[in-house]
Amino acid sequence: MNVLIRIALLALAVPLSAAAQTTQAPVEVEADRLDLDQRAGTAIYSGNVNIRQGEMQLRGERVEIQRNDAGELARATATGERAYLRNQLEDEETPMEGWARRIIYHVAERRVELIDQAELTQRGDRFQGGRLEYFIDREVVQARSDIDGSESQRIRMTLQPSQ
């Protein structure tokens, strides 16, 4: 396997890790194209991108992986008409799923931003709006109707009754 492709695949190991056992799982990537810039610290996958590692999945027409100045993985950004993120936590029966035109996963913060026609489901609860932020470890959702450069998109929620 080409060294550049190996590096690009390894770049995904941290952004898609939700738990210790997930980081040990192999990373599977399907895409039509890969552009890797080691100096800039970016790997850009395009064309029906599907990335899986353990119980974590990220899909989009384009996925960009970025490193910080220390060379650590900092962010994964998926874009497309309906970019998709799925994460199955160990103690949950159903996965967290999110859709938007742009999904940004901030690795160190374990925070997900869903931007433009955003939708997030977890435990039967459903959130929709222009911009949703989900803090994975705290299980906190913040919703906004406004997004930069676009028409406001009202917030809608469906919350399931407590069991």
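# Note on a predicted model: salt bridges, core and backbone

1. The count of salt bridges comes to 13. Keep in mind that this is a predicted model. The points below take some of these pairs one at a time, then turn to the core and the backbone.

2. Start with the overall layout. The protein has two helices and 10 strands. Reading from the N terminus, the order is α-α-β-β-β-β-β-β-β-β-β-β. In other words, both helices come before the strands.

3. Next, the totals. The protein has 163 residues, and 43% of them count as buried. Its accessible surface comes to about 9400 Å². Carbon and sulfur atoms hold 43% of that surface. Take the contacts in the protein with a separation of 6 or more: residues 24 or more positions apart account for 38% of them.

4. Now a general idea for the pairs that follow. Side chains of opposite charge can pair when their charged atoms come close. Which residue forms a salt bridge with E119? The partner is R82, and the closest N and O atoms are 3.2 Å apart. This pair links distant parts of the chain. E119 sits in strand 7 (residues 111-122), R82 in strand 5 (residues 73-87), and 37 residues separate them.

5. Are E119 and R82 buried or exposed, or in between? E119 has 12% relative accessibility, so it falls under the 20% cut-off and counts as buried. R82 has 40%, so it counts as partly exposed. The two ends of this salt bridge therefore fall into separate classes, buried for E119 and partly exposed for R82.

6. A second pair joins E133 and R111. The closest N and O atoms of this salt bridge are 2.5 Å apart. E133 lies in strand 8 (residues 125-135) and R111 in strand 7, so the bridge ties together parts that are 22 residues apart in sequence. Here both partners are buried: E133 has 18% relative accessibility, and R111 has 11%.

7. A third pair joins E113 and R131. Their closest N and O atoms are 2.1 Å apart. E113 is in strand 7 and R131 is in strand 8, so this bridge ties together parts 18 residues apart in sequence. E113 counts as buried because its relative accessibility is 7%. R131 is partly exposed, with a relative accessible area of 24%.

8. The second and third pairs belong to one group. Which residues are linked in a network of salt bridges? They are E109, R111, E113, R131 and E133.

9. H106 touches part of this network. H106 lies in strand 6 (residues 96-106). Leaving aside neighbours within four places in sequence, H106 is in contact with A74, R75, R111 and E113. Two of these, R111 and E113, are network members. H106 itself counts as buried, because its relative accessibility is 11%.

10. Turn to the nonpolar side of the fold. The largest nonpolar core has 25 residues. Of these, V63, I65, L85, I103, V112, L114 and L120 touch the most other members. Strand 3 (42-53), strand 4 (56-67), strand 5, strand 6, strand 7 and strand 8 each give two or more residues to this core. Which of these strands gives the largest share? Strand 5 does, with five residues.

11. V112 is one of the core residues named above. What does V112 touch, apart from its neighbours within four places in sequence? The contacts are L85, I103, I104, Y105, L132, E133, Y134 and I136. Two of them, L85 and I103, are also among the core members with the most contacts to other members. Another is E133, which forms the salt bridge with R111.

12. Last, the backbone. Most residues other than glycine have a negative phi, and most peptide bonds are trans. Two residues are worth a look here. N48 has a positive phi, near 50°, and is not a glycine. R110 is also not a glycine, and its phi is positive at about 50°.

13. Where do these two residues sit? N48 is in strand 3. R110 is in the loop between strand 6 and strand 7. Their surroundings contrast. N48 counts as exposed, because its relative accessibility is 56%, over the 50% cut-off. R110 is buried, with a relative accessible area of 15%.

Conventions. Residues numbered from 1 in each chain as written. Predicted model: local features only at pLDDT ≥ 70, side-chain atom pairs only at ≥ 80, totals over all residues. Heavy atoms only, no water. Helix = DSSP H or I, 4+ residues; strand = E, 2+ residues; numbered from the N terminus. Buried < 20%, exposed > 50% of the residue type's maximum accessible area, 1.4 Å probe, protein only. Contact = heavy atoms within 4.5 Å. Areas by Shrake-Rupley, 256 points an atom, 1.4 Å probe, with all protein chains shown as cover. Salt bridge = Lys/Arg side-chain N within 4 Å of Asp/Glu carboxyl O. Core = buried A, V, L, I, M, F, W, Y, C linked by side-chain atoms within 4.5 Å.
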